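Visitor: Hello! I am new to protein structures, and I would like to learn how to read this one. Could you walk me through it?

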Amino acid sequence: MTTPDIRGKFITLEGAEGVGKTTNREFIRRCIEMSGRTVIVTREPGGTPLAERLRDMLLHAPMDALTEVLLVFAARRDHVQQVIAPALARGDTVLCDRFTDATFAYQGAGRGFDRAQLQTLESWVHAEVQPDLTLWFDLPAEQAAQRLIGTRAPDRFEQQDADFFERVRQGYLARAEAHPQRFVRIDAAADRDAVARQLAAVLDGWL
């Protein structure tokens, strides 16, 4: 008799600032819970006390690209060890606002950091913990920037120019093309109800 696989599911939300990830996160959580699953909602950078402190540094302290990458992966290591891996081992569903795809998009495509080095760090930090489903909220950089106007004081990343965010978008596109088995593009330019219908259709089929 074989032992059933009780590992939980790992769902990540990806996209640049202003695309609606956080706005739709609660709707996604409810959809998953309606299937009878226990959902752990978390975010990156962050998710643990240590990672949240590192997040504050990443968003506000000046640093070079290498320091930024190392802090991102340090926060991720603690997050995986303390929250994500234990939840998956319990059979829970983890819903995470950003994960390593964001690092390839922001630090890789946006900052121009060497992708091979990012792949090495990824293999060190969480080789066996990878998303089962990634919902990529895709929106042209200009529209995303318009949505952010007046919402809050911009952090280090939100202060970047349109060219930076276009590179980030292309970085996400490259990740989606490299991992089509788990990436689903969500048209974030649609109105809120239309985005919800896209999400419901994806989650209904996936769950």
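Visitor: What is the mean pLDDT of the protein chain?

Guide: Good place to begin, as this is a predicted model. The predictor gives each residue a confidence from 0 to 100. Here 93% of the residues reach 70 or more, and the mean pLDDT of the chain is 91.

Visitor: Over which residues does pLDDT stay under 50?

Guide: Look for a stretch for which the model has zero contacts beyond four places in sequence. There the pLDDT stays under 50, and the stretch is residues 1-5.

Visitor: How far apart are the end C-alpha atoms of helix α2?

Guide: Let's work out what to expect. Helix α2 covers residues 49-60, which makes 12 residues, and at 1.5 Å a residue they should span 16 Å. The model agrees with that expectation, since the end C-alpha atoms are 17 Å apart.

Visitor: Within what arc do the buried residues of α2 fall?

Guide: First pick them out: the buried residues of α2 are Ala51, Leu54, Arg55, Leu58 and Leu59. Seen down the axis of α2, they line one face of the helix, because they fall within an arc of 135°.

Visitor: Which exposed residues sit on the face of α2 turned away from its buried side?

Guide: The buried side of α2 has a cover that includes β2 (39-43) and α3 (65-90). Turn to the face pointing away from that buried side, and you find the exposed residues Pro49, Arg53 and His60.

Visitor: Which helix gives the largest share of the largest nonpolar core?

Guide: In soluble globular proteins, nonpolar side chains tend to be buried together. In this model the largest nonpolar core has 32 residues, and Ile28, Tyr106, Leu135 and Phe137 have the most contacts inside it. Elements that give two or more residues to this core include β1, α1, β4 and α7. The largest share, five residues, comes from α7.

Visitor: How many residues are in the second, separate core?

Guide: This core is separate from the one we just discussed. Its members include Phe10, Ala87, Leu88 and Val94. In total, the second core has nine residues.

Visitor: How many residues apart in sequence are Asp97 and Arg25?

Guide: The side chains of these two residues meet in a salt bridge, at 3.3 Å from N to O. Asp97 counts as buried, at 5% relative accessibility, while Arg25 counts as partly exposed, at 22%. Asp97 lies in strand β3 and Arg25 in helix α1, so the pair links distant parts of the chain, 72 residues apart.

Visitor: Are Arg76 and Glu44 buried or exposed?

Guide: Their side chains meet in a salt bridge, at 2.6 Å from N to O. Arg76 belongs to helix α3, and Glu44 to the loop between β2 and α2. Both Arg76 and Glu44 are buried.

Visitor: Which strands does the pair Asp138 and Arg185 tie together?

Guide: The side chains of Asp138 and Arg185 meet in a salt bridge, at 2.8 Å from N to O. Asp138 is buried, with a relative accessible area of 5%, whereas Arg185 is partly exposed at 45%. The pair ties together parts that are 47 residues apart in sequence, namely strands β4 and β5.

Visitor: How many salt bridges does a search of the whole structure find?

Guide: Some salt bridges join up: Asp101, Glu122, Arg175 and Arg182 are linked in a network. Over the whole structure, the number of salt bridges found is 15.

Definitions and conventions. Residues numbered from 1 in each chain as written. Predicted model: local features only at pLDDT ≥ 70, side-chain atom pairs only at ≥ 80, totals over all residues. Heavy atoms only, no water. Helix = DSSP H or I, 4+ residues; strand = E, 2+ residues; numbered from the N terminus. Expected span 1.5 Å × (residues − 1). Buried < 20%, exposed > 50% of the residue type's maximum accessible area, 1.4 Å probe, protein only. Arc of directions from axis to C-beta. Contact = heavy atoms within 4.5 Å. Core = buried A, V, L, I, M, F, W, Y, C linked by side-chain atoms within 4.5 Å. Salt bridge = Lys/Arg side-chain N within 4 Å of Asp/Glu carboxyl O.
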